[in-house]
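Hi,

Here is the structure I said I'd pass on to you. Have a look at it first, and then read my notes underneath.

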Amino acid sequence: MPVSAKTRQRQITTEISKLGPCLPGNLVERTTRCGSPRCRCHHDPEYRHGPYPTWTRKIGERTVTRTLNPDQAERYRAMFDNARRLHELVTELLQLTAHQVEQAEGWPTHHGDDSNDVEDNPR
Ligand SMILES: [Zn+2]
């Protein structure tokens with residue numbers, strides 16, 4: 001049985017309060033070209049270096065990348081997971097609240113990728 005919207009709202013805010021540091025962006029494996037102009041990595045994709053763990057992040061229109069060493073990747077992995085979870089929770093909370101307001105006002109509710117198991121009066 002789906003929990004009530006109020007209960008779910010409380011669960012979401014509680015989970016957010018326990019998340020800890022949230023690092024924006026993604027942790028991906030990426031190959032690179034080095035600084036040596038004569039290295040084969042510049043001409044042959046087969047000879048690119050890596051793959052190395054890389055932190056990619058969008059800042060405005062730009063994507064900023066930073067190569068991490070394995071130790072850094074391990075240390076920050078949980079923070080990326082936290083950020084992903086934070087986005088999920090925030091999205092759910094926003095949808096839940098929109099749904100509640102629509103229901104309270106008797107406005108037509110919008111379903112779609114939005115819908116979650118929070119409906120009190122399914123039709
Ligand atoms: Zn190289």
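Below is what I found, going from the overall layout to the sheet and then to the helix packed on it.

First, a caveat: this is a predicted model. The protein chain has two helices and three strands. Reading from the N terminus, the order of elements is α-β-β-β-α, so to speak a run of strands with a helix on either side.

The three strands make up an open sheet, ordered E1-E2-E3, and the pairing is antiparallel. At the edges sit strand E1 (26-32) and strand E3 (62-67), each of them pairing on one side only. From one strand to the next, the twist averages 45 degrees.

If you want to zoom in somewhere, try the pairing of E1 with strand E2 (residues 49-59): the two run antiparallel and are joined by six bridges. For a landmark there, Val 28 stands opposite Thr 54 in E2.

Then there's helix H2, which covers residues 70-105 and packs on the sheet. Which strands does H2 touch? The contacts are with E1 and E2, and the direction of H2 makes about 150 degrees with that of E1.

Two numbers for the chain as a whole. How many of the residues count as buried? Just 2% of the 123 residues in the protein chain do. As for contacts between residues at least 6 apart in sequence, 54% join residues at least 24 apart.

That's it from me for now. Shout if anything is unclear.

Cheers

Technical notes
Residues are numbered from 1 along each chain as its sequence is written. This is a predicted model: local features need pLDDT of at least 70, side-chain atom pairs count only at pLDDT 80 or more; totals for chains, interfaces and linings use all residues. Two strands pair if DSSP finds at least two bridges between them. Helices (H or I, at least four residues) and strands (E, at least two) are DSSP runs, numbered from the N terminus. Axes are lines fitted to C-alpha atoms, for helices over the stretch in contact, and angles run from 0 to 180 degrees between N-to-C directions. Two residues are in contact if their C-beta atoms, placed from the backbone, lie within 7 Å. A residue is buried if 20 or more other C-beta atoms lie within 10 Å of its own, exposed if 12 or fewer, and partly exposed in between; C-beta atoms are placed from the backbone.
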